[in-house]
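Here is a short report on one molecular model. Keep the sequence and the 3D view open as you read.

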Amino acid sequence: MQEAPTTLSEYRKQIDSALQDEFLRRTLDTFAVAYRANRETIFKEVDERALINQIAEARDKACKRMEELYAQFREQAEKRGVRVHRARDAAEANGIIARIARDNNVRRIVKSKSMTAEEIHLNDHLIADNLIVDETDLGEWIIQLRHEGPSHMVMPAIHLSRYQVADDFTKATGVKQDTDIQKLVKVARVQLRRKFIQADMGISGCNFAVAENGAISTVTNEGNARMVTTLPRVHVAVAGLDKLTPTLDEALTALLVLPRNATAQRLTTYVSWIRGAGPCAANPDDKKILHVVFLDNGRTEIAKDPLFSQIFRCVRCGACANVCPVYRLVGGHKMGYVYIGAIGLILTYFFHGKDKAKVLCQNCVGCEACKSVCAGGIDLPLLIREIRSRLTDEQGSDAQAALLASVMKNRTLFHSLLKFAKYAQKPFTGGTQFQRHLPAMFLGRHGFKALPAIAGKSFRDRWPELERKMPEAKFKVAFFSGCAQDFVYPEQLEDAVKVLAAKGVEVDFPFEQTCCGLPLEMMGQRKTSVDVAAQNVRAFSHKRYDAVITLCASCASHLKHNYQALLSGNSALLAQTKEFTEKITDFSSFVYDKLGLRAEDFNNSGQKVTYHASCHLCRGLGVKEAPRELIRAAGVYEPCEEEDVCCGFGGTYSMKFPEISARLLENKLNNIRKTGAARLVVDCPGCVMQLRGGAEKQGINIRVDHVADLLAENLKR
Amino acid sequence: MTLTDSITRQTVETFIAKATAVNAVVQELPAIPAALQYVVDVCESKTPAEILADEPGTEQGPPGPNNQPTRVKRIVAAPDLNDEEFATLSAACEEKGFLCIREGLRKYVAGFDVGVSKALLGVAASGTCMMNTDREDSRLAGMISEIHIILLRKSAIYPDLPSMAQLLRERMNEAPATYTTLISGPSRTADIERVAAVGVHGPLELHIILLED
C-alpha cells in the first residue's frame, strides 16, 4: 500500500521519480490516446448525455433515500436467508468480516475485486488474523504478490510491464515464467484454480445492491467473481452504502455506461445477480452462507451534503483517470491514495482523512477533462477546489496563498502592484516581451518556459484613447478583461476592439472590474474569491449590455458557471449576478455566432495556422466549432494531434507543479511542431503565456497568438 | 418476408455481430438435434481439457498447452438439458467415449471439456445471453468448461438492456431464483499491459447456437 504524501516537497520528489519511469510514460500515453478513440466509437451507439443525466438524477434521488433503501434491501435480503450487516467505519467492517470467518471456521479466503475492501484495507486485517487471503482478479493478484496498492480502479496493475509480471510469477510459482502475455494469463488460470477450490470463504465487492428485491450484483470480465461467489461455502459481499439502488432499472441504465466508460466495452463479460442464499454443495445443508456488509465510513454524512452528495454518482469506472493529463504523466500511485484519479482525490479526503488528502488534492490542473467524461456527470474539478477551500478553512493557508488573497481583496492595491511590477522587472527583460534575465533563484524549476513581461501600458491605461462611442451600434458590449490581458497582453484586447469596432459594435470597459477570482479558488481562498465576484458583478451592473465579452476562456468559464453559486448568499446581488453570468460570451463565439463573421469578411492570408483548444473553452464552455471556423476564414487551418489536451498552464497549478506543467507543455509543443504551422492561435491568455513561453524557450519558430490577433490582422477594412 | 420478420432478422444480425465482436462463435442451427451434434463435434475436435487441480483416480494424459496433465476421458456437462435431450447427447457422447454428465459437476472442478447451457434470452445490442444459474451445476457448466456452448432461441433475442429489464425482474422474482447471469463472450482480461487475452478463469471459448423456434 502506498503512503499518501504529507508535504508538497515530499510529493514533488515522488512525482519526479514517476516522471522518470519511461515504461509508465509510454504505457499511459498509448492508453490515453487509444482510450479516447475507443470511447468515442462505443458511445456512438447510445445517447451518452441523456444516459449520464439519467444516472446523475437517479443516483441523486437514491442518495437522499439511503436509509429507506437500506431498510428495504435488508428486509428483502433477510427474507431470503442473507445476513445483512452495517459497519460504521473501516475497523467495524473489518471486525465483522473477521468474525464471520471465525464463526465459520474459515482458513482460506478468495477475493474478487472490491474497491470498498481496498478502502478499509481488509486484506491486511484478515492476514493479521492468520487467514490466508488470495486476490483472484489478475491485476489484483499481481499487485498483491508485489505488496502494492492498485494504480487504477479498473486496471490495478496498469503500471507494470510483462517483464515485471513474469518475474513476480516466477517467484510465486518457483518456475521460470515466459514473458508472453497470453502465457502469463494462463499462469493465473492454473495457479488460482486450486485456490478457488480450497477456499472456505469468498469475498466479493458489489456494484449494485438492489433494494426492490434484495439482490446484489457483481460485474467482472474475468469471471472470477462468479467463482468466488460459487465455490466456497461462505460468501461475504462488501458494499458501500452508496451502492444501494432502488430498482433494477437504475442498475441497467448504469450498465449501459459503466463498461463503455471503463474499458470501451458494450457490456462487461459477466454480470451476476445474486438474490438470496442459493444452493451450495460445499455445505452439509446444501445452502450458501451469505453475508452482505454495508460500509458507512462517512457516507451517510456526505449524503446530506448538498454539494458533495454528487460523489455517489460515481460508478467506479476510472474514466476520470483515463482522460486526466496529470494521471497520464504520474500514474495512479501518485494520483490518489486508495481511490485513483479525480474522484480519488475527493474520496481520499472523505474516506481517509484530510491528512492524506491535503497534498494530493493540490494535484489537479483544472482542465475539466474528467468532468466531460464522468459517467455520473460529477463536477469533479469544482469539488476538488471546494476541498482545497475547506482545507484552508480548517488548516489555514500557506503563505503564498494568504498573500495573494490579502492583495486581491483590494483592487487598487492589486492593480498598483501589477503596474509596479513592470518597473521592477526592467533589468530582466532586456526590452523584450519576455523576462529574459530573471535571476536563477527566482526561476527555480520554472525555467522550462520564458515568463512574459508585464506590459508597459496596461489595457485600462490605454482605454481612454481606444474608447469610441457609436450611437448607431449594432451591439453594445462590455469587456471583462481578466488580469492577464489587462496587464500582460493588452494588445489582444486592442485587436478585439479593432474587429468589433469594424463590425459596428460599441465596446465599454468598466474600470471597477478586477480578477475573476479563479486563481483564488485554485488556492482555496474562498472568502476573497466571493468578495471579488461581488465586486465584478457590481462593476457591470451600471449599464445594460448585449453581451459581456471575455478573451480569456478561464475567466469566462468561471464567471459563467461558478458566480451564481459563489454569490448565492448575497441576496442583494442575485438578479444582477444572474444577468451578468447569462451575458458572458467568449470572443470567438460572439464574432462567429452573433456577428456572423465568415470567410468573406477576411483577406485570407494563406498562412498555415494550428489551434490549441483551451480547456475552459472546449470543455468549460463547450465551444468547439467557432474558433476553428474563424481560423479557416482568415488562414489555412492545420489540425493538431490531441488538440483539446491541456497545455499544462492551469493558472497557479504551473507554479505548484512546474515539473508536470513542463511535461504537459513539452507534449503539446511536440504535437504542434508536427503540424508544420507558422502560427498557433488560442482563446486564452493563460495558454498564450504557457505556449508562447515554451516555444520561445525551445526555439520553435512559430508565432503564438490569441484568435483575436489573427482576425484583426486579416480583417477586410 | 413480413415487416416483423425483417425486424427479427435485423435483431438476430445485430446479436451475431455484437457477440462475434466479443470473441463468441455464433452458429445458426435449425433445431436441438443439430445443436447436440455440434456439441459432440466440438468436444471431439478440441484438445483434451487440462486438469488444474488434484482429482484422485482420474486417468491423466500428456501435458496440455499450460503444462498441466490432460483428461483421457473427455467430459461434456449439460445440466440444463431435459431428459430427452440429455439422453440423446449422452448416447452420442458414449459412442465417442466421452463422459456426459448433468449433475455433480463439483467433482470435476479441476476442469472439463465442454459445458452446455440454455439461455433464457439474448440481448442484441451487446451480444449477451441471460442465464438461469440458480443451480450450482448450471453455473459450473459455464465456469469450469474450456468451451462453453449456449443454446439460444432466436425469438428470445431482445434489442437492448432496457427492453429486457422487466423480464430480468420477473425472472429474479420467480420463487427459487437466486442467481442470474448475463454473459457476453468468453472470460477475458487486459490486466497485463492492456493486451486482450481470453480464458483467464472461465471458458477459453464461448459458442452460441441460435435455434429456430
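The report goes from the whole chain to the contact between chains, then to single elements and residues.

## Ground rules

This is a predicted model, in which local features need pLDDT of at least 70, side-chain atom pairs count only at pLDDT 80 or more, and totals for chains, interfaces and linings use all residues. Residues are numbered from 1 along each chain as its sequence is written, while chains are lettered from A and ligands numbered from 1 in the order in which they are written.

## Chain A as a whole

Chain A holds 37 helices and 18 strands. Both are DSSP runs, numbered from the N terminus: helices are H or I with at least four residues, strands are E with at least two. The C-alpha atoms of chain A fill a box of roughly 95 × 55 × 50 Å along the principal axes.

The radius of gyration of chain A is 28 Å, which agrees with the value near 27 Å for a compact globule of 717 residues. This radius is taken over C-alpha atoms, and the globule rule is 2.2 Å times the number of residues to the power 0.38.

Of the 717 residues in chain A, 56% are buried. A residue is buried if 20 or more other C-beta atoms lie within 10 Å of its own, exposed if 12 or fewer, and partly exposed in between; the C-beta atoms are placed from the backbone.

Contacts tell a further story. Two residues are in contact if their C-beta atoms, placed from the backbone, lie within 7 Å. Take the contacts in chain A between residues at least 6 apart in sequence: 77% of them join residues at least 24 apart.

## Where chain A meets chain B

How many residues does the contact take from chain A and from chain B? Chain A gives 50 residues and chain B gives 46 residues. Several elements of chain A supply at least two residues each, among them α2 (22-43), α12 (248-263) and β9 (270-274). The largest share of the chain A side, 12 residues, comes from α10(A). By class, the chain A side has 27 nonpolar, 13 polar and 10 charged residues. Here Ala, Val, Leu, Ile, Met, Phe, Trp, Tyr, Cys and Pro count as nonpolar, Asp, Glu, Lys and Arg as charged, and the others, Gly among them, as polar.

Strands also pair across the two chains. Two strands pair if DSSP finds at least two bridges between them. β9(A) is joined by 5 bridges to β10 (residues 179-183) of chain B, and the two run antiparallel. In this pair, A:Val271 stands opposite B:Leu182.

## A sheet in chain A

An open sheet of 4 strands in chain A has the order β16-β15-β17-β18, with parallel pairing. β16 (636-638) and β18 (703-706) stand at the edges with a single partner strand each, so one side of each has no neighbour in the sheet. Neighbouring strands are turned by 35 degrees against each other on average, direction ignored. β17 (residues 679-682) is joined to β18(A) by 4 bridges. There, A:Leu680 stands opposite A:Val704.

## Two helices that cross

Helices α16 (residues 341-352) and α19 (residues 380-395) of chain A have axes that come within 9 Å and cross at roughly 35 degrees. Axes are lines fitted to C-alpha atoms, for helices over the stretch in contact, and angles run from 0 to 180 degrees between N-to-C directions. The contact of α16(A) with α19(A) has 9 nonpolar, no polar and no charged residues. Among those that meet are A:Ile343 and A:Tyr349 in α16(A), and A:Leu383 and A:Ile387 in α19(A).

## Four residues up close

| Residue | Place | C-beta neighbours within 10 Å |
|---|---|---|
| A:Leu617 | helix α32 (615-618) of chain A | 29, buried |
| A:Leu711 | helix α37 (707-714) of chain A | 29, buried |
| A:Arg316 | loop between α13 and α14 of chain A | 23, buried |
| B:Arg194 | loop between β11 and β12 of chain B | 16, partly exposed |

A:Leu617 touches several residues, including A:Ala553 and A:Asp683. A:Asp683 is 66 residues away along the chain, yet the two C-alpha atoms are separated by 7.3 Å. A:Leu711 touches A:Val499, A:Val591, A:Leu630 and A:Ala634, not counting residues up to four places away in sequence.

The arginines share a backbone feature. A:Arg316 has a positive phi, near 60 degrees, and is not a glycine. B:Arg194 also has a positive phi, of about 60 degrees.
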